[in-house]
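Biologist: Could you take a close look at one loop for me, and then set it in the context of the whole chain? I'd be glad of a connected account rather than a list.

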Amino acid sequence: KKICVVGLGYIGLPTSAIFAKAGYEVVGVDVNPKVIELLNKGEIHIEEVGLPELVKEVVANGKLRGAVSPEKADAFIIAVPTPIHDDYTANVDYVVNATKAILPYLEKGNVVIVESTIPPRTMDDVVAPIIREHGMDPYQDVYLAHCPERVLPGRILIELIENTRIVGGVTPEASKQAGDVYRAVVTGDVIETEAVTAEMSKLMENTFRDVNIALANELVKISSKLGVNAHNVIELANKHPRVNIHQPGPGVGGHCLAVDPYFIIEKAVDESPLIQTSRKINNSMPDFVISQVDRLTCELGNPKVAVFGLTYKGNIDDVRESPALDIAKELVGNSRYNVSVYDPHVRDEQVSFKLDTFEDAIDGAHLVLVLADHNEFKQLDGELLAKKMKTPVMFDTKNCVPELSELLIYRIGDLTNL
Ligand code: SAJ
């Protein structure tokens, strides 16, 4: 059996590798020739635990190869981005283009799966009509399904195999055929449903998380006003068997939680006030962090702030929609501050300002501002920091740095002792 995966990003590339490892012939397609060139050398352009080794292996044994345009296959998997327009509506152009790109190779009986996150009804209202225009019946000639990816960056290779998969076909037979594709590699349950239910479930999973994080972030603001330690409150409240308050932080980033709720909002503006407010609260956190940095440094002229971490969460290299990046940019652009930036997972070409080494970043700093919970920041040398910094003060917005006796550490939910 042959699978053609269109889009070799954080989802498409690991998905291709996993099917190849299971013995399928896989061709991975991407519009970026550099990605294909690298892949055919057994190399990859993204950071994900275990992926370099796996890709190297399956490319070397000939099961996975890259190509700049699709080929005939038994199943097509579309895993392209769905960015958001300036007016906060979904941009499904890449899904449309990918669907059009496979049309010349599409044959009766093929399975076509969209893994990209899409607004409710996109399979029926956008994807199916493209296939119909091509002269095929999208409900009979091919098996069309939405199978949302649900993997957590940093754990992608594990979760692609172990997570439950939702397979939403445009017909029951499409669900079954698409389900069988996943059953070959997934050890978790593969659950068949309708396309629109799959679309909505995916969006609600990430919205659930966004709304709950907003609650934690609101708690931080309330606590800071009332003089309560929010982390203690969360820890104690979570001792209740049915309570799970999420972790507050510098905001919500990434291409999923910070985007997906808008795909629901655009389809039901009047019915989604809670989801809309949650987005606003989470989007307000970078300003909240900056105001706290101002408070912490207000008595210093031109304080040196060492920003630690730019990614949207720890141990990944992804800076998409990263609140940490927004905070860093804002501080870099503010002449009141002398800003150094250190992130061991980010490369210079990903950002518009200069990155520093660890040593340069901390040298003479008045404040270390931790914005991502990278493992490197959980093992910092307090003695070295205290020796190199001008004032050994840290503001840990992720509550990830352990107590260091040499440093005064403020945490985001713990700012009342300022
Ligand atoms: N965050 C908090 N507090 C928390 C948890 C997360 O502030 O308690 C922040 C993170 O720092 C980050 C953002 O939220 O900025 C998102 O991080 P995440 O770890 O919650 O999720 P993602 O975006 O990396 O991946 C999510 C996952 N969805 C769910 O957990 C419901 C993943 O399973 C999805 O596959 C992925 O979105 C996706 O592609 O949709």
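Modeller: Happy to. Let's begin with asparagine 399, which sits in the loop between strand 12 (393–396) and strand 13 (408–411). Please keep in mind that this is a predicted model. Asparagine 399 has a positive phi of about 50 degrees, although it is not a glycine. For background, most residues other than glycine have a negative phi. As for its surroundings, asparagine 399 counts as partly exposed because it has 18 C-beta neighbours inside 10 Å, and a residue is called buried at 20 or more and exposed at 12 or fewer.

Another asparagine is worth setting beside it. Asparagine 315 also has a positive phi, near 60 degrees, and its place is in the loop between strand 9 (304–308) and helix 13 (323–332). With 17 other C-beta atoms within 10 Å, asparagine 315 is partly exposed.

Two glutamates in loops add to the picture. Glutamate 107 lies between helix 4 (93–102) and strand 5 (111–114), and it counts as exposed because it has 11 C-beta neighbours inside 10 Å. Its C-alpha atom is separated by 25 Å from that of isoleucine 36, which is 71 residues apart from it along the chain. Glutamate 48, in the loop between helix 2 (33–40) and helix 3 (51–60), has 22 C-beta neighbours inside 10 Å and so counts as buried. Leaving aside residues up to four places away in sequence, glutamate 48 touches Tyr10, Pro14, Pro153 and Ile156. For one of these partners, proline 14, the C-alpha to C-alpha distance is 8.7 Å, with the two positions 34 residues apart in sequence.

Now for the wider setting. The protein is divided into domain 1 (2–194) and domain 2 (285–417), so asparagine 399 and asparagine 315 have numbers that fall within the bounds of domain 2, given how the domains are assigned. The centres of the two domains, taken over C-alpha atoms, are 37 Å apart. The secondary structure comes to 15 helices and 13 strands.

The largest nonpolar core has 123 residues, and Ile113 and Leu369 have the most contacts inside it. Helix 8 (residues 195–226) gives the most to this core, with 10 residues. At least three residues of this core come from each of domain 1 (2–194) and domain 2 (285–417). Isoleucine 113 touches Ala75, Phe76, Ile77, Ile78, Ala145, Cys147, Ala178 and Val181, again not counting residues up to four places away in sequence. In soluble globular proteins, nonpolar side chains tend to be buried together.

Across the 418 residues of the protein, buried residues make up 48%. Of the contacts with a separation of 6 or more, 70% are between residues 24 or more positions apart. The C-alpha trace spans about 70 × 50 × 40 Å along its principal axes. The radius of gyration is 23 Å, which agrees with the value near 22 Å for a compact globule of 418 residues.

Finally, the ligand has 20 residues around it, of which His246, Gln247, Gly249, Gly254 and Cys256 come nearest. The residues of this shell divide into eight nonpolar, seven polar and five charged.

Notes: Residues are numbered from 1 along each chain as its sequence is written. This is a predicted model: local features need pLDDT of at least 70, side-chain atom pairs count only at pLDDT 80 or more; totals for chains, interfaces and linings use all residues. A residue is near a molecule or strand if its C-beta atom, placed from the backbone, lies within 6 Å of it. Ala, Val, Leu, Ile, Met, Phe, Trp, Tyr, Cys and Pro count as nonpolar, Asp, Glu, Lys and Arg as charged, and the others, Gly among them, as polar. Helices (H or I, at least four residues) and strands (E, at least two) are DSSP runs, numbered from the N terminus. The radius of gyration is taken over C-alpha atoms; the globule rule is 2.2 Å times the number of residues to the power 0.38. Two residues are in contact if their C-beta atoms, placed from the backbone, lie within 7 Å. A nonpolar core is a set of buried Ala, Val, Leu, Ile, Met, Phe, Trp, Tyr and Cys residues joined through C-beta atoms within 7 Å.
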